[in-house]
Every structure is written in C-alpha cells, then in structure tokens.
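Visitor: I would like to learn how to read the packing of helices. Could you take me through an example?

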Amino acid sequence: MKTDLVQTAFVAISLVFLAALQDMLPSGAGWSKFPLLQVFALYVALVDLPRKGESRSRVPRSARWVWTAGAAGYLLETLSGLPFGSFIGFLLPVCALAHMLRALAPPDLARPLLGMAAAAAYTPLQEAWLAAWSIGGDSAIVRFFVSIIQATIAGAGLFALLPLLEMFAGLREEESA
C-alpha cells in the first residue's frame, strides 16, 4: 500500500516536468502552447487513485486535485508572466467543475477519449480567460482553433500515458482486460 506521500511526490514531479516540457515546446499560431499543465490538473480532478485492495466507494475524498490545480496555476502564471492569482483563480473553478462532473463520464469510456473531451471543453474557457487578460498575438479565432487542436492532442496523450506511469510507479494496479 502506497502512502499519500508517494502520490504527492509523483504529482509534484509530474507538475515540474510538465511545466518544463510546456515551456520548451514551440508555440503554435497565436502564441498558443500545448496545455500540458492544464490537462494534468484536469486529469487529477477527473481520475481518482484508489489504493490497492480498496473499492472506489471506500476511498476517502481526496483534495489532491485542489492543490494540484493551484500549483499548476501558479506554474502557469510564472511561465506566462501573468499576475499572481490569475491562472490559479481560473484553474481552481474549472477543476472543481470537472471534479463534480466526473460521475457523468461512462466508466467504460477510454481514457484518451475522456482526455480529449475534457481538453476540448476546457479550451474555450481558457481562450475567453486569456482574452480577458489581453494575452495572445494573433486573432482570437486563430488562437481558438490552434489551441483546440493542441489541447485535444495533449488530452489524449496525457490521459493515455499517465495511467501507465502510475502503474509503473506502483500507484495503480494493473487493470485486467
């Protein structure tokens, strides 16, 4: 049985790695970047990590998604130069909404499809938020379409890769087919 400390270390290392990777990746049209940190925060808000041997109903409610969204928002503010609280104030309500709506997703829905849907629903909200802060180089329409493509790619990739990394780290049992 893994402790919460190991899960916390996994999330912290993932946040730092994804922040570095997001900063290194080239920008698309309209200065949009792959939303790796945002999709990771959505992943943590949407996916519970039940401990080995415990059913999902017995797992106590975790607030891991709250501090993950806050940390991801802070890293985004640091990378983009926005004032403190701007992305934290955006990611927390979006992840809270995702956390509340996670029960609506069918349990047999493939993780990459869930990631694509969550990222595609998130992108218009982010573009409206960034437009309110007057961020972006090209027109809002160009940024919107480029960011939706990048978000769906990031959503499918991270939602497919992260469960495998969790199994490799011993945080999740292998799922029987």
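Visitor: Which residue follows H3, and what is the sign of its phi?

Guide: This is a predicted model, in which local features need pLDDT of at least 70 and side-chain atom pairs count only at pLDDT 80 or more, while totals for chains, interfaces and linings use all residues. Residues are numbered from 1 along each chain as its sequence is written, and side-chain values use heavy atoms, with hydrogens and water left out. Helices are DSSP runs (H or I, at least four residues), numbered from the N terminus. H3 is followed by Gly81, whose phi is positive, near 80 degrees.

Visitor: At what angle do H1 and H3 pack, and how far apart are their axes?

Guide: Two packed helices are described by the angle between their axes and the distance between the axes. Axes are lines fitted to C-alpha atoms over the stretch in contact (heavy atoms within 4.5 Å), and angles run from 0 to 180 degrees between N-to-C directions. Here H1 (residues 4–24) and H3 (residues 64–80) pack at about 25 degrees, with axes 11 Å apart. That makes H1 roughly parallel to H3, a term for angles under 35 degrees.

Visitor: Which residues of H3 are buried, and what covers them?

Guide: Buried means under 20% relative accessible area, with a 1.4 Å probe and protein chains only. The buried residues of H3 include Trp65, Ala69 and Leu76, and what covers the buried residues of H3 includes H1, H2 (36–46) and H4 (88–101).

Visitor: At what angle do H3 and H4 pack?

Guide: H3 and H4 pack at about 145 degrees, with their axes 8 Å apart. Among the residues making this contact are Ala69 and Gly73 of H3 and Leu92 and Cys95 of H4.

Methods:
Helices (H or I, at least four residues) and strands (E, at least two) are DSSP runs, numbered from the N terminus. Angles under 35 degrees count as roughly parallel, over 145 as roughly antiparallel, 65 to 115 as roughly perpendicular and the rest as oblique. Buried means under 20% relative accessible area, exposed over 50%, partly exposed in between (1.4 Å probe, protein chains only).
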